[in-house]
Every structure is written in structure tokens, then in C-alpha cells.
Amino acid sequence: MSDLTLSDVSQADFDTAEAILVDLIRAQYPSLDLRRGSVLRDLLIRPAASVYALDTDRLATLQEQMSITSIAENEDTVDPEAIDNILVNFGITRNVGAVATGQVMVRVDAARQYEFVAGFQFATLEGLLFNASRNCVVKEDADTLSDEIKLNQSDDGTYYYFILPALADEVGANYNISAGTTLDAVSTLFGFVSAEAYSVFSSGLNEESIAEVLTRLPLAISYRALESRTSINAKLQEQFKDTTINIQALSVQGYGDDAQLRDKHNPLGFAVGSRVDIYPRLFAAPQVVTVQKEGTRIAANTYQFTLESADAPGFYALRSISELDAIINPELSFGDLPVLGSYAFTEVRSADGVESTFHDIVTDVEAAFTIYQKAIITVTGVPSAETKHNFKIEAYYDKGLTDIQTYVDSTDVRNLESDYLIRCPLICLVGVDAKVYYTSSNVVDQAKMETDIYNYINSRSFVKQLTRSELIPILYADGATRIDLGQAGMQLQGTVQDASGTSHQLSGDSLDIVSIQDKSKLLTPETVVFAAELESINIETILE
Amino acid sequence: MENYPYTTNYSGRQVDIELLQSITKPVKLKKVNVSNVSETPKIVTGIEKLAQRYTLLFLSTLGSIHFDTDQGTELVGQLLGGVIQNRGNLESAFAVANNLVMQQFEKDDLKTDIYGEIQDDENLDAVKLLDFDIEQATGTIYLQIQLITVAGDDITFIVPTSAPR
């Protein structure tokens, strides 16, 4: 506001101020000639009108900046600092977004040592920039324990490749690129052949809009402590407000709640309270972590390895298991688990490291989706006879779970009579297929439709269902004149995996979590969030 | 022929502050100079106010006044820019500048609800360029202007101008 100068005052505002001053002065002193060309006008009216108009503009700006509702109406033109100045009164700040993270598969022509510095840049064809996230050395005999990266030779021996951790150059959900997206090396790399996204880039998050902040205000002014649902949410939001951990939504299961299993550890099986399971949604689009594991051959074409708790803390489900240099086309997944192109596998989860903590975890189900779980994975159908075989594993997870668990475990923070356990929410992965009609006088933007649907689904957390009727208004708002709701028309599909590892398929008018809920497997509306990958939203636009 | 103001009864008139000191006295021919502004300005009204207002608009540079960019003329700018090199240029430039000033007079004079009624002897009816010249030796121009009011009286003066360069 203080930056406003006379240059910012519009002619209309000045004219208004001038007219007011002429009226005021002439009302008191009718004998003064204030027409253009008079000295009095130059001395009395023009300077005063300039200051008056400037003050009026400053006042209007100040009024706009004092009202969150007004700011929300003018969000595109308001100084972000003004927004933060108001929010600080409530003890909150806007989430400034998050950068997408992932891995880049780089192909090179020869086996030599490659040295990277953090900031080595790659770019997509659309110009999105990604940087190597750390300094590293790539070589064939890499010591992976010292952060060196192994250089691998392709199966046919025609090239070499390595997997480089990378992050987006800027914050934003548009940096959540698909696995297989072609990248070019912006920085110079001798021997460079090609590069592509090794797995889906996730965690990219747009800057929080004011409308989104408004929904958090009740939390901001609430009591903050690890006690009630609201105060737990408020406490965690406050603690992680300036970090890379963005809590999008949060559900708490405590005394008497359906999905609280841990407080019934007594012979009679009644709830005793003091156990609290917290499900923070730390992502908009599903977050994926990619790890490489060495499997041991246990039978013909069958390998086994253990996904330790540290490999993918609290992971929800495995997205795919494939060859080390494979990049699975995600456009075929449509919300399925695992995605098409993955090896078949089975997983057996169990608790890991619980005995060294005070947490009351008795069964494997109770350890599910926490940082205290591990999984023994058996992969079948692998066309290999080697004793050892390397795999690429993609898993959906909640990045930041460990940090939150550490925080609530702190004796300075936690209620000393309580046992808080942080769990990754169960993710109902959604696929949408729709035929949308439009007229030549109102051409629609298919990509925008898909993005709007994608954003909506990724904003739905801990609700009972996702229905077609929620999505239809979005399509109409984007210009659709008619939507095919027949048999071959708009399809919804959802897949959710419970704490025992069983997958449940949902489809139809509504993806109804209540219809499949099983509290003994932690599957209830209070533990499930809806999420979609952009590739799983397929909208066909038809001119009619 | 030069006429002097027909009345000296200015009671109840709208007034302005005197900018051009030498205009206050009805004279036959007087060269005025803005540098003569005194520390204790006097009021001016009637045909002298008209002359002052005309001169101020005539000598203001078009576009130079913030929020009043349509006030003034291009004459001074043309003089300083060396555009006016001969009598023909000067006469033509005066005609254009005078036309602009007349339009600017009209703009406010018609808004009687805002600025009040205008008296006939302050209401510009016509302007004549009685004499003009460029003195190359001294680098000055000379414009002798006659303002004729609706009341029929007139005033003649020489505008204060800088030299062409």
C-alpha cells in the first residue's frame, strides 16, 4: 500500500477528487474562480486533488487488504505480503507450495565417471526445469553407502544409465510429471544420450489460495494441543507450517472411533482410550517413492526381498515392481493397483521395530501404514535365472510421516497418557472416463476439464463417497453442454487397499467407501482419502 | 482600435489571484512578465482575469500537467524546439494554439452549474492577432493579441515569451 504513488492514481479518481474539491471550495467561497486556466485552480485544486485522490486510493487499498474476503475476490492482484500480514493475526501463514521430487533416468554412451553438482538442469519439452538435488559421483563401482550412484549397463549393452534424484526448479503441481516424460539436459553432460522421468514426480503443490486458507481459519483460532480432533490438527498445522510438510487434511481416530483398534488390548476387548491414530494427508496428487531393491531367487522366476520401514516409511501400497531400467506408461493404470506393466507380486506386511518404542502395537494390521511396518515382497514371473536380481519399486506413501511421528512422540509435546500413531491415509485411487459434448459456439478446453476434475478429486479427504454428481457441475462449468451418463458414458472407478493388503474395487455412480468399510482392516470413511493421477482422468470431448 | 473595460464595478464577481502583475492596470500596450509575481498577490477579475487565464492556457505546454494533459498549447514547445522559423510558421502556430485555448475556455465556461455564471466581460468572444514578428537578431518573438469579450470590450497585450532557439 505504501508503494502507491501519484503514478498509480487513475485519471478518473483524480477527476472525482477534483470535482469534490471544486464543490467544497465553491460552496464556501463562491466568489473564487476555479475554472481551468485560473491561478486559484493551479494553487488550490490541482495539488489538493492529487493528494486527495492518492489518499483515497491508499485508503481503498488498505480497506481491501484488511478484509480477507475482499482479498479473496482480488486474489490475482493483491500483494501476497498483504495476505500474510492478515493471516499472521491468526497465527498462520499460507502454504507457499512445494516442489515436485522424483528421479531422472539418464542414458549415456560410455562407462566413465560422471560428476554432478546440485542444480544440474534438465528440461521437459514444455520447458519445465528440474535440477539434480545433490552433488554426486556416478560410476560403475559406486559405493552407494557414500552417496555415489551406480552406473548400469543396459541389457542389450548399447548404452549405460543411472538414476539421478531430482527436484523441480519451482513449486507447483504442474511439475508432477509422469514417468517416462522426456527430458533434455540443459546443462552440459559429456556422453549424454537421453533422459526421462524414471518415475512419476510427486509432492509438487501449488501455492495455497486464499479460499483454501479461509477453510483453515477455524483451526487457526482454535486451541492447539494434542487433545481434540481440531486442536490436534491446529497443533500439527502450526508446527509444520513453514516446512515442506503440507498437511492438506487430517483425520483422527481415538477413543470409541471405528478405526481405533489399539485401545481394546484387554481380555474383555473394551475400549480404554488413550490411543490415538492420526491420518495426515500430506499430498494433493498421490506421492510416489521409488526405490531399488535386490531380490533373492527363491523359486523358478520368483524373487523375494524385504521393503524395510526406512525404504518407504508408512507406505500405503505398491504401485509397481519392474525391471530396474523399465519406465511404465502410467496412462494405462486408470486407478488400478498395481499399475499395468508391473510384475505380479504378493506382499506380507508386519510390524518392524515396535519393541524399541512405547507404542502399543500388537497385530500386523495395527502396524499398517505406520513407520513401524515392513513388507516381505515376493515377485513372480521374472524372466531371469540369476541368484540375485535388481528391481525398481514404486510405492505410494505420505512423505513426512516420520517427521510427524517424531514430533508427536516428543515428551515435550505429547500428552503423557496418550499413544499417538501417525498413519498414511488409505488412498482410494480414482479413474474417471467421460464423454463430454460441446457446441461450436462454445469450444471447451479438454486439458482444463481433466485438470479441474483431477484437482477436485485430490481435494476430497475423509468423506464417505465420491459421486458422479460432484464431478458433473465441474464439467458444465468448463463449458460442457451435455455429458453422457449412459452405460458407455461417464465411468468412475476406484481402488482402495485395506490394512490386510486386500484390494477393493469400486465403480458406478458413486465410489462409496461405506459399502466396503471394514473397521477391523482400518477401512472406514474416516481413514480414506480420494486421489487421482492426471493420467487416470480421461475426458473425450465431442462436438455436437 | 483598442477599448478599455466598460465598468469598474466588480462587486460580487468571481476573482482569481493575480499572476501577471502588469495586467491589472488597463493599459494600451504593456509587456507582461511572469517573473514579476509578488509575494503578496492581489486579486484580479473582469477582463484582466480573462487575459490572465488566456495567457496561462496559451503558454502552458500541452501534456506537461499531470492529470490535465489536455491543458495548454504546443506553441512554447514548438518555439523551444526551433520549429517556428519564420512569420508564416508563427502565424500558423498561433492559430492552432489559439483554437486549443478557445476550446479549453469553452469546456469550463459552459459548466455553469459547477463554476457559476460567467460575466459577459469575462466571456471570451473572439481573439485577434494584431501584430507578430520574429526578431532573429535578438532571438525573440512578438505577439500582440487582442481579446474581445461578449460584452464588446477588449484588451490587447503582448504575451511574454522566450526566444526561439
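**Notes on the predicted two-chain model**

1. Let me start with the interface. Chain B puts 20 residues into the contact, and chain A puts in 17 residues. Please keep in mind while reading that this is a predicted model. On the chain B side, at least two residues each come from strand E1 (16–17), helix H1 (46–59), helix H3 (87–109) and helix H4 (112–115). Sorted by class, the side of chain B that touches chain A holds eight nonpolar, seven charged and five polar residues.

2. A good place to zoom in is A:Ser31, which sits in the loop between helix H1 (11–28) and helix H2 (39–66) of chain A. Leaving aside residues up to four places away in sequence, A:Ser31 touches B:Arg13, B:Gln14 and B:Val15. Is A:Ser31 buried or partly exposed? A:Ser31 counts as partly exposed because 13 other C-beta atoms lie within 10 Å, whereas a buried residue would need 20 or more.

3. Chain B itself is easy to summarise. Its secondary structure amounts to four helices and five strands, and along the sequence these follow the pattern β-β-α-α-α-α-β-β-β. The chain has 165 residues, of which 35% count as buried. Among contacts in chain B with a separation of 6 or more, 59% are between residues 24 or more positions apart.

4. In chain A, you may enjoy looking at strand E5 (residues 136–139), where the side chains alternate. A:Cys136 and A:Val138 point to one face and are buried, while A:Val137 and A:Lys139 point to the other and are not. Strand E2 (residues 114–116) of chain A runs antiparallel to E5(A) and is joined to it by three bridges. E5(A) is also joined to strand E6 (residues 149–150) of chain A, this time in parallel and by two bridges. A:Val138 is a handy residue to follow here: A:Tyr114 stands opposite A:Val138, and in E6(A) the bridge partner of A:Val138 is A:Ile149.

5. Further along chain A there is an open sheet of three strands, in the order E11-E12-E19 and with mixed pairing. Which strands form its edges? They are strand E11 (249–253) and strand E19 (419–422), each pairing on one side only. Ignoring direction, neighbouring strands of this sheet are turned by 20° against each other on average. E11(A) pairs with strand E12 (residues 275–281) of chain A in the antiparallel sense, over five bridges. Within that pair, A:Val252 stands opposite A:Ile278 in E12(A).

6. Two helices are worth viewing together with that sheet. Helix H6 (residues 229–239) of chain A packs on the sheet and touches E11 and E12 of chain A, its direction making about 135° with that of E11(A). Helix H8 (residues 401–409) of chain A lies across E12 and E19 of chain A, and runs at about 175° to E19(A).

7. My last point concerns a helix pair in chain A. The axes of helix H9 (residues 446–457) and helix H10 (residues 468–477) come within 10 Å and cross at roughly 145°, and the crossing is right-handed. H9(A) contributes A:Met449, A:Asp452, A:Ile453 and A:Tyr456 to the contact, and H10(A) contributes A:Leu471, A:Ile474 and A:Leu475. By class, the residues of this contact comprise six nonpolar, one charged and no polar.

Note on methods: Residues numbered from 1 in each chain as written. Chains lettered and ligands numbered in written order. Predicted model: local features only at pLDDT ≥ 70, side-chain atom pairs only at ≥ 80, totals over all residues. Axes fitted to C-alpha atoms, helices over the stretch in contact; angles between N-to-C directions. Left-handed = near helix turned anticlockwise from the far one by under 90°. Contact = placed C-beta atoms within 7 Å. Nonpolar A, V, L, I, M, F, W, Y, C, P; charged D, E, K, R; others polar. Buried ≥ 20, exposed ≤ 12 C-beta atoms within 10 Å, placed from the backbone. Pairing = 2+ DSSP bridges.
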